[in-house]
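Reader: I should like to go through the terms used for this model and to hear the grounds for each. Please show the structure before we begin.

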Amino acid sequence: MKSVQIDGKPVGDGHPYYFIAEIGINHNGSVEIAKQLINVAAAAGCKAVKFQKRTVDVVYSPEELAKPRENPFGLTNGDLKRGLEFGQTEYATIDEYCRTIGISWFASCWDELSVDFIAQFNVPCYKIASASLTDDALLKYTRSTGKPIILSTGMSSLEEVDHAVEILGTEDLVLMHTVSTYPAKYSDLNLRVIETLKRRYNVPVGYSGHETGIASSVVAAAMGACILERHITLDRAMWGSDQAASLEPNGINKLVRDVLLVEQALGSPEKDCLKVEEPVKAKLRRK
């Protein structure tokens, strides 16, 4: 199985785990909150932070934007979507800040104009959200950038994933097992799908979790997920639709710590008496 290079780091079997902290829209429209979340991710040892980028009037219909929805930015769904959407000034600030503290960033682009917008920052890769897996035009357009692609597979059948992989090709492709509910129930996670995706497509496979704890992500790492992605928040009680499915600073710290312990513990498949066992062997064995 080939590895994929993301910002100079090899991702795939036999390489160090690649941790992505999904900020998404948990910044609540504030660059200062975004910076705090970037700091949390960097302090925990994450390799990258991820945002979401939409051209609001392209992704949503006028009827959807006009729907009543009371929120901190106004009274309609359109007010909410526009209030949460960062533009040129905000992303330029984020780009400079990430470069200053030494962490990569990229985004899930939900439309072609958003791909063009994010391209100006020379991001190391693109994420395609589960919601966009069946958007053939967007898949082709994102592939045309020549950058590695991380594709989430939530809310999709294997036949739909087959089609998306056929369009994208397997070069510089990472698939992510995910369950698109927020927060996800443990009984719905089906982590064995990680093995299914690895066998079927022979590409690196990661896990993007939306559950509330960390145990499942640790298990996903042990099962062969090479990328671990989790939403992060400053406080799960904050306003916002994704906050409850996110990890607070203590949670993302514990996740990275525990997965790195798993990396050590998996070790070698070779079975023998270890040097450190020799003294115990001499003391306890009768024969």
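Author: Helices and strands here are DSSP runs, a helix being H or I over at least four residues and a strand E over at least two. The model is a predicted one. On that basis, the span of residues 37-270 is 43% helix and 18% strand, and its end C-alpha atoms lie 41 Å apart. The UniProt record, an unreviewed entry, annotates residues 37-270 as "domain: PseI/NeuA/B-like".

Reader: Why is Q243 called buried?

Author: Buried means under 20% relative accessible area. Q243 has 0% relative accessibility, and therefore counts as buried. Q243 is found in the loop between β12 (227-231) and α11 (249-266). Leaving aside neighbours within four places in sequence, Q243 is in contact with N26, N28, T233, D235, R236 and M238.

Reader: What makes the approach of the Q243 side chain to the backbone oxygen of W239 a polar contact?

Author: A polar contact requires a pair of N or O atoms within 3.5 Å. A polar atom of the Q243 side chain lies 3.1 Å from the backbone oxygen of W239, so the distance satisfies that limit.

Reader: Why is the pair E32 and K35 called a salt bridge?

Author: The cut-off is 4 Å between a side-chain nitrogen of Lys or Arg and a carboxyl oxygen of Asp or Glu. The side chains of E32 and K35 meet at 3.9 Å, N to O, so the pair qualifies. E32 and K35 are three residues apart in helix α1 (residues 31-44), which means that about one helical turn separates them. Twelve salt bridges are found in the whole structure.

Reader: Is K67, which forms a salt bridge with E64, buried or partly exposed?

Author: Partly exposed lies between the 20% and 50% limits. K67, at 43% relative accessibility, therefore counts as partly exposed, and E64, at 27%, is partly exposed as well. Their side chains meet at 3.0 Å, N to O.

Reader: Which parts does the salt bridge between E211 and R230 tie together?

Author: The closest N and O atoms of E211 and R230 are 3.5 Å apart. E211 lies in the loop between β11 (205-209) and α10 (215-222) and R230 in strand β12, so the pair ties together parts 19 residues apart in sequence. Both E211 and R230 are buried.

Reader: How do you know that the buried residues of α4 are on the same side?

Author: The buried residues of helix α4 (residues 77-84) are N77, G78, L80 and L84. They cover an arc of only 160° around the axis, and are therefore on the same side of α4. Their cover includes α3 (62-66), β5 (68-71) and β6 (74-76).

Note on methods:
Residues are numbered from 1 along each chain as its sequence is written. This is a predicted model: local features need pLDDT of at least 70, side-chain atom pairs count only at pLDDT 80 or more; totals for chains, interfaces and linings use all residues. Side-chain values use heavy atoms; hydrogens and water are left out. Buried means under 20% relative accessible area, exposed over 50%, partly exposed in between (1.4 Å probe, protein chains only). The arc is that of the directions from the helix axis to the C-beta atoms. Contact means heavy atoms within 4.5 Å. UniProt positions are given in the numbering used here, feature names are shortened, and annotations may be inferred rather than shown by experiment. A polar contact is a pair of N or O atoms within 3.5 Å; within protein, one must be able to donate a hydrogen and the other to accept it, and residues adjacent in sequence count only if both atoms are side-chain atoms.
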